[in-house]
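Here is a friendly walk through one protein. Have a look at it first, and then we can go through some of its details together.

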Amino acid sequence: GGGAGGSCSNVTACGGSVVGTWTVASSCLTVSGTLDLSVIGAGCPSVPVTGALQVTGTWSANADRTSTDNTITTGQEQFDLAPSCLVVSSTPVDCHGIAGFIGSLGFDSVACTSAAGGGCACSATIHQTGTLGLLSSAATVNGNYASAGNVVTVTGDGGDTKYSYCVSGSKLTMTPQSTSPTMTGTIVLQGSGATGSGGSSGSGGATGPGGASGSGGKPGSGGATGSGGATATGGVGAMGGRGGAGGRGGTNGSGGATGPGGAGGAPVSGGTTGPCDIYKNGGTPCAAAHSTVRALFGAYAGKLYQVRNTAGTTKDINAVAAGGVADAAAQDTFCSGTTCVITIIYDQTGKGNDLEYQGSGSKAGGQDQPAKATTESIKVGANKVYSLYINQANSYWVDASKNGIPLGSQPEGIYMVTSGTHVNSGCCFDYGNSETNRAYDGPGTMDAVNFSKITAWGTGAGAGPWVLADLEAGLFAKGGSGQNTNVPTMTNNFVTAILKNNGTSEFALRGSDATSGSLTTYYKGALPGGWSPMKKQGAIVLGSGGDCCATNTNQSVGTFYEGCIVSGYPSDATEDAVQANIVAAGYGR
């Protein structure tokens with residue numbers, strides 16, 4: 001059971017071997033000290049917190065230094081917020097709004113109610129799988145561990161977590177190490193016996209999946225990349241080409257087929273067309289184009305993104321052919337037997353607006369880390385490709401202000417293909433135009449499409465996620481604060497999200513399922529009061545808000561497949577043709 005006050009005492013650490021499978025027999029954990037709110041950009045850096053946690057389940061440590069954490073941590077925490085806390089990203093929020101942001105720290109739910117004096121009284125529930133006994137915004141189930149002296153360190157998506165520990169016979173006792181908040185008490189685990197740990201040596205048989213490295217023979221299925229030649233049939237162009245061929249076969253047929261496929265098909269020789277060809281034909285050329293999935297110009301056969309392995313070696317992943325999908329087989333070969341991250345998403349326009357992760361070792365610099373390269377693979381036109389799967393503390397950025405991105409009140413259009421299944425209420429999963437100093441610079445200094453479940457500002461119908469506009473100093477579902485029930489909740493596997501802004505008087509939000517159907521206009525009308533004219537600065541942000549992540553870390557999650565930023569205010573017809581091109585690409589099939 002859990003404890004309160006100082007009733008849970010810490011382990012007397014003695015070290016020992018943790019190899020084996022361990023089942024939680026009992027736990028007693030007390031939470032005290034302070035809760036760090038600086039990571040969500042709150043107006044107060046921390047608040048006093050109290051609480052108690054319990055842990056159940058199993059934790060396994062293998063001889064090869066990998067670990068599997070199937071524990072469940074549950075409990076309650078309480079904290080009070082002063083009025084000064086009710087500001088996030090320099091924008092005022094109410095108790096309901098701040099609760100949503102605090103929830104992104106890893107809580108299962110947070111309820112904040114108005115308190116005397118203008119603040120909030122909050123109660124938070126924890127129900128977390130992985131990262132035993134420590135609240136985490138990116139709880140780790142599969143990780144790596146290292147033991148030194150009396151401390152074991154587990155490394156996963158949320159960074160390092162440390163535990164002082166003691167192994168005595170078949171008992172492992174651990175105390176989570178944390179200073180904000182302070183953790184007191186122990187988790188007592190029972191080993192499944194020498195056999196269990198020997199079994200983990202049997203997981204040395206997991207070197208057998210070293211045979212799975214033989215599945216590194218899967219790169220042989222890189223022969224399937226030969227079917228990447230099938231991408232030439234590939235995906236999009238073939239579909240567009242089919243429309244064109246219909247035209248050739250009989251002009252009557254061309255009438256129908258040219259609608260969906262053909263909007264793209266004609267302009268580029270060979271029949272392959274990408275979204276940027278369509279935008280150019282519509283008089284709104286791409287100023288930046290990014291994707292880990294496919295080429296966005298029919299003639300583009302170059303670099304899509306860069307991966308880096310644990311040895312620090314990098315490899316550029318190209319399109320398999322002009323207008324084709326990403327060469328996932330090349331990534332599989334390079335990343336076999338190691339862990340890869342995505343360090344750069346290349347700009348396909350040739351303007352050099354390459355997005356780099358915001359962290360140590362990149363040109364962008366900052367406090368974040370690159371996203372793992374292999375978290376999600378999908379099919380696009382029957383070809384395996386990888387997404388940019390952004391967890392908290394992952395984000396990408398470039399200063400594109402001198403490379404053709406719309407500035408000030410110049411008109412701009414943006415689209416991205418994202419996912420309705422990997423979202424949260426953290427601030428802020430954006431793709432678009434942002435501040436060059438990565439600081440809050442006031443209304444109109446951002447123009448980015450947002451996809452999230454944030455409820456602090458503008459919202460749509462239902463519980464989200466929604467297609468929203470991040471124009472800085474708030475998210476907007478319409479030309480003012482509050483709810484726009486015309487913006488639907490989008491939980492589709494693949495979502496097309498569109499924002500366009502003429503810079504002086506009007507913006508529009510549009511969206512659709514990215515696998516079928518046409519775009520719906522959710523809002524088209526006046527900019528919010530005080531946001532006209534726009535004051536765009538010309539950096540490009542992906543995965544985070546504008547005042548992130550030079551000195552803080554990203555708290556949002558989301559998935560990015562492809563997207564473009566264009567100069568000018570695209571027509572609905574142009575965007576409709578882009579949607580038809582996305583559908584023809586074959587996401588998920």
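Is Ser137 buried, partly exposed or exposed?

## A serine in a loop

Ser137 counts as partly exposed, because its relative accessibility is 34%. Keep in mind that you are looking at a predicted model. To find this serine, go to the loop between strand E8 and strand E9 (142–148).

Its neighbours come from other stretches of the chain. Leaving aside residues up to four places away in sequence, Ser137 touches Ser104, Leu105, Gly106, Gln392 and Gln555. With Gln392 there is a polar contact between the two side chains, at 2.8 Å. As for Ser104, it sits 33 residues away along the chain, yet the two C-alpha atoms are 6.4 Å apart.

## The whole protein

Now zoom out. The protein has 589 residues, and 54% of them count as buried. Its secondary structure adds up to 10 helices and 33 strands.

Take the contacts with a separation of 6 or more: 67% of them are between residues 24 or more positions apart. On the outside, about 20300 Å² is exposed, with carbon and sulfur atoms supplying 52% of that.

## Two enclosed helices

Helix H1 covers residues 95–103, and 8 of its 9 residues are buried, so the rest of the structure largely encloses it. Among the buried ones are Cys95, Ile98, Phe101 and Ile102. What do the buried residues of H1 pack against? They meet four strands: E4 (66–81), E5 (87–88), E7 (109–114) and E8 (120–129). The N-terminal end of H1 has a cap, too: a side-chain oxygen of Asp94 lies 3.2 Å from the backbone nitrogen of His96.

Helix H10 (residues 572–585) is also largely enclosed, because 11 of its 14 residues are buried. These include Ala577, Val578, Ile582 and Val583. At 1.5 Å a residue H10 should span 20 Å, and its end C-alpha atoms are indeed 20 Å apart. Just past H10 comes Gly586, with a positive phi of about 90°.

## A buried serine

Next, look at the loop between strand E22 (388–390) and strand E23 (396–399), where you will find Ser395. This serine is buried, with a relative accessible area of 0%.

The side chain of Ser395 has a polar contact of 3.0 Å with the side chain of Gln358. Another polar contact, at 2.6 Å, goes to the side chain of Asp368. Beyond four places in sequence, the residues Ser395 touches also include Tyr357, Leu542, Cys549 and Asn554.

## Rings and charges

There are 10 aromatic pairs in the structure. One is Trp59 with Tyr145: the ring centres are 6.3 Å apart and the planes are at 70°, so this pair is edge-to-face. Trp59 is in strand E3 (residues 46–61) and Tyr145 is in strand E9, so the pair ties together parts 86 residues apart in sequence. Trp59 counts as buried at 1% relative accessibility, and Tyr145 counts as buried at 5%. Another pair is Phe101 with Trp457, where the centres are 5.4 Å apart and the planes are at 55°, so this one is tilted. It links distant parts of the chain, 356 residues apart: Phe101 belongs to helix H1, and Trp457 to the loop between strand E26 (447–452) and strand E27 (466–470).

Elsewhere, Phe494, Tyr561 and Tyr587 make up one aromatic cluster. You can also spot lysines over ring faces: Lys303 is 4.3 Å from the ring centre of Tyr346, and Lys500 is 5.3 Å from that of Tyr569.

Conventions: Residues numbered from 1 in each chain as written. Predicted model: local features only at pLDDT ≥ 70, side-chain atom pairs only at ≥ 80, totals over all residues. Heavy atoms only, no water. Buried < 20%, exposed > 50% of the residue type's maximum accessible area, 1.4 Å probe, protein only. Helix = DSSP H or I, 4+ residues; strand = E, 2+ residues; numbered from the N terminus. Contact = heavy atoms within 4.5 Å. Polar contact = N/O pair within 3.5 Å; in protein donor to acceptor, adjacent residues only side chain to side chain. Areas by Shrake-Rupley, 256 points an atom, 1.4 Å probe, with all protein chains shown as cover. Expected span 1.5 Å × (residues − 1). Phe/Tyr/Trp six-rings, centres within 6.5 Å; stacked < 30°, edge-to-face > 60°. Lys NZ or Arg CZ within 6 Å of the ring centre and 35° of its normal.
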